[in-house]
Amino acid sequence: MMAQALRLAERAAYTTKPNPMVGCVIAQGEEVVGEGWHQRKGGPHAEVFALQAAGERARGATAYVTLEPCAHTGNTGPCADALIAAGVAHVVAAMRDPFPQVNGAGFDKLRAAGIAVRHGLMEAQARHLNRGFLSRIERGRPWLRIKLATSIDGRTAMASGDSKWISGDAARGDVHRWRARSGAILTGSGTVLADDPHLTVRFDEPTEFVAPLRVVLDPGLATVTRGHVREGAAPTLYLHAADAKPPRDLSAQHAAVPMRDGKLDLDAVLKLLAEREINEVQVEAGATLAGAFLCAGLVDELLLYVAPVLLGERARPLFEGLCIDEMAQRLRLRIVETRRIGDDVRVLLQPDAAA
């Protein structure tokens with residue numbers, strides 16, 4: 001039941017941000033009588049949809065929900081109240097909701113109404129599903145993922161900067177699915193000048209999604225009058241040094257960020273994005289910025305598309321600035337998943353906290 005609730009929750013990966021993904025299954029014993037998931041911000045929560053589907057059969061049933069039912073009124077009423085009114089007998093939640101207006105209050109309200117409550121079932125899976133939301137609430141910064149396409153000898157572009165295309169069509173299409181679940185796609189001014197990316201989500205078939213914010217780190221605002229990143233309906237935010245002078249006719253969003261060692265303070269960048277309710281940031285940049293995030297200890301996930309090609313020693317590396325001279329200094333990563341995508345292999349990695 002909980003596994004199904006998690007599958008339901010993930011259906012809205014592109015549309016719920018900045019809210020968490022939540023699924024709910026209501027069952028009478030082994031029989032499912034109602035299902036639902038939170039589909040988009042401002043809309044009904046998962047429990048409401050599941051209760052509507054269950055109708056009178058919700059009375060005396062067990063509700064399996066991937067996140068603690070809310071106890072406050074936001075865009076919708078408290079889900080804890082809806083479960084109480086429907087007469088469910090048990091609530092099994094995957095995890096507690098750390099959002100300050102919930103954080104145990106939903107469980108307390110249910111118990112006070114005589115409903116039996118358990119939580120912790122498949123909690124690790126639930127946390128992984130909402131790792132971006134949890135990062136923003138618990139750490140005050142978004143979950144940061146770096147996306148890179150690489151040859152099997154660890155090169156991302158030729159010495160000239162030419163990188164089109166290392167990966168194949170299938171891998172490039174897959175990237176758009178990861179973009180769609182992100183709250184922001186971040187790059188540097190160097191990538192804008194060299195590659196002129198759009199940084200938008202593009203699907204072959206009609207698919208609903210909330211367009212991620214395009215973020216350009218540009219200390220001197222050298223790119224604000226050029227590039228595809230300014231075009232289209234997706235919003236763009238330029239982050240710059242405090243002494244940079246924005247053009248008077250600049251229509252895009254922009255904000256000043258403190259400097260550290262002559263560069264934008266990356267901790268401050270992520271704090272600012274968290275304040276804008278960004279859960280996940282996908283970095284699509286060159287080796288310098290990717291290496292800077294890695295050196296700063298701010299990388300939560302690496303999304304590598306490994307192509308079966310060799311580019312040679314003169315080609316550009318995955319990361320610059322790591323300054324690793326001894327084996328003891330190596331950065332250990334944990335492979336979360338590997339998957340064949342067309343002719344390429346997608347590898348998802350996370351820093352090994354135990355190393």
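**Reading cores, a helix and a loop residue**

Mentor: Helix α9, residues 266-275, is mostly covered, with 7 of its 10 residues buried. Keep in mind that this is a predicted model.

Trainee: Which residues of α9 are buried?

Mentor: In α9 the buried ones are L266, A268, V269, L270, L272, L273 and A274.

Trainee: And what caps the N-terminal end of α9?

Mentor: D265 does, with a side-chain oxygen 3.0 Å from the backbone nitrogen of D267. After the helix comes E277, whose phi is positive, near 65 degrees.

Trainee: How should I read the nonpolar cores? Which residues have the most contacts inside the largest one?

Mentor: The general idea is that nonpolar side chains tend to be buried together in soluble globular proteins. Here the largest nonpolar core has 40 residues, and C24, I26, L51, L83, V88, V91 and L110 have the most contacts inside it. Helix α1, residues 2-10, supplies the largest share of this core, 5 residues. A second, separate core has 35 residues, including V257, L272, L304 and V347.

Trainee: What does V88 touch, leaving out residues up to four places away in sequence?

Mentor: With those left out, V88 touches L51, A58, G60, A61, L83 and I115.

Trainee: Now a loop residue: is L310 buried or exposed?

Mentor: Exposure is judged by relative accessible area, and over 50% counts as exposed. L310 has 62%, so it is exposed. L310 sits in the loop between β15 (301-307) and β16 (316-317).

Trainee: Which residues does L310 touch, again not counting those up to four places away in sequence?

Mentor: L310 touches S151, I152 and D153 on that count. From R136, L310 is 174 residues away in sequence and 38 Å away in space, C-alpha to C-alpha.

Key
Residues are numbered from 1 along each chain as its sequence is written. This is a predicted model: local features need pLDDT of at least 70, side-chain atom pairs count only at pLDDT 80 or more; totals for chains, interfaces and linings use all residues. Side-chain values use heavy atoms; hydrogens and water are left out. A nonpolar core is a set of buried Ala, Val, Leu, Ile, Met, Phe, Trp, Tyr and Cys residues joined through side-chain atoms within 4.5 Å. Buried means under 20% relative accessible area, exposed over 50%, partly exposed in between (1.4 Å probe, protein chains only). Helices (H or I, at least four residues) and strands (E, at least two) are DSSP runs, numbered from the N terminus. Contact means heavy atoms within 4.5 Å. A polar contact is a pair of N or O atoms within 3.5 Å; within protein, one must be able to donate a hydrogen and the other to accept it, and residues adjacent in sequence count only if both atoms are side-chain atoms.
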